[in-house]
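I opened the notebook to record what I looked up in this structure. The entries follow the order in which I consulted the coordinates.

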Amino acid sequence: MLKKDIAIKVTNMTKTFRIYGDKAFTMKERLVRGWRKNSRPEERTVLKNINLTIKKGETVGLIGVNGSGKSTLLKLMTKILYPNKGKVETNGKLTSLLELGAGFHPDFTGRENIYFNAAIFGLTKKEIDARLDKIIEFSELGDLIDSPVRTYSSGQYMRLAFAVAINVDADILLIDEILAVGDQHFQEKCFDKLEELSKSDMTIVIVSHSLGSIERLCDRAIWINDGVVAEDGECHKVIQDYLKECA
């Protein structure tokens, strides 16, 4: 595969976290927990020697049980986290929907946060001005767009975040379960938009426990199990193999 055809490439990648135990501060805590002299942090490897390539224009679903490493892998793709070993390379402008409200300032209005958030993704004020009405219309927030986002529900946060993310002309879109907080009407609207984007040149990577959504949107699924790639291939087959293992 030519380099120009690759959107994301993960090569011999390992990610390890240090887990620190709670330190006892009071005499009571020390008596209950012990003094723990010279206690050392636990090394926990959440992803082990991952190798995968995602082509430009592919829509890929990451599946697996909680704690398998899916969300960590997505954060490594966004460069929020960095690997301990190996490489994660992306080719193109990237936008992500990982944590509810990430990139929003709670004391500013939805309208103001559109400007801040879109600017983070590299748009100029002129470009944001041209997209503003489209973003607000898609979000369906109405007059709430001029209220502080700290007054928003989780579903309203999601509406605003999704509306911005699909309007910044990104090449790669990464989504981690955020759509699950929306109401049925807006979820369906988002899925329709993602189906439209999946037919374009945009590369989409989705983490979700909704296997029906993964099968609906994705042409390929990657099953992460205990920090390794258990299976990578045609969506329906990978999902069926995963379900058999979970049964």
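The entries below take one helix and then the sheet of this predicted model.

Entry 1, helix α4. I compared the length of α4 (residues 125-139) with its expected span. At 1.5 Å a residue, its 15 residues should span 21 Å, and I found the end C-alpha atoms 20 Å apart, which agrees. I then looked for bending and noted a kink of about 45 degrees centred on Arg 131. Directly following α4, Glu 140 adopts a positive phi of about 60 degrees.

Entry 2, burial in α4. I listed the buried residues of this helix: Ile 128, Arg 131, Leu 132, Ile 135, Ile 136, Phe 138 and Ser 139. Arg 131 is thus both the centre of the kink and one of the buried residues. I asked what covers them; the cover includes α3 (110-120), α5 (154-165) and α6 (184-198).

Entry 3, the sheet. I traced an open sheet of six strands with mixed pairing, in the order β5-β6-β7-β3-β8-β9. The edge strands are β5 (94-97) and β9 (228-234); each has a single partner strand, so one side of each has no neighbour in the sheet. Neighbouring strands are turned by 15 degrees against each other on average, direction ignored.

Entry 4, one strand pair. I examined β3 (residues 59-63) and β7 (residues 203-207), which run parallel and are joined by four bridges. In this pair, Thr 59 stands opposite Ile 204 of β7.

Entry 5, helices on the sheet. I found α6 lying across β3, β6 (172-176) and β7, at about 140 degrees to β7. Helix α8 (residues 235-246) also packs on the sheet, where I recorded that α8 touches β3, β8 (220-225) and β9. The direction of α8 makes about 140 degrees with that of β9.

How values were computed:
Residues numbered from 1 in each chain as written. Predicted model: local features only at pLDDT ≥ 70, side-chain atom pairs only at ≥ 80, totals over all residues. Heavy atoms only, no water. Expected span 1.5 Å × (residues − 1). Bend = angle between axes of the 7 residues up to and from the residue. Buried < 20%, exposed > 50% of the residue type's maximum accessible area, 1.4 Å probe, protein only. Contact = heavy atoms within 4.5 Å. Pairing = 2+ DSSP bridges. Axes fitted to C-alpha atoms, helices over the stretch in contact; angles between N-to-C directions.
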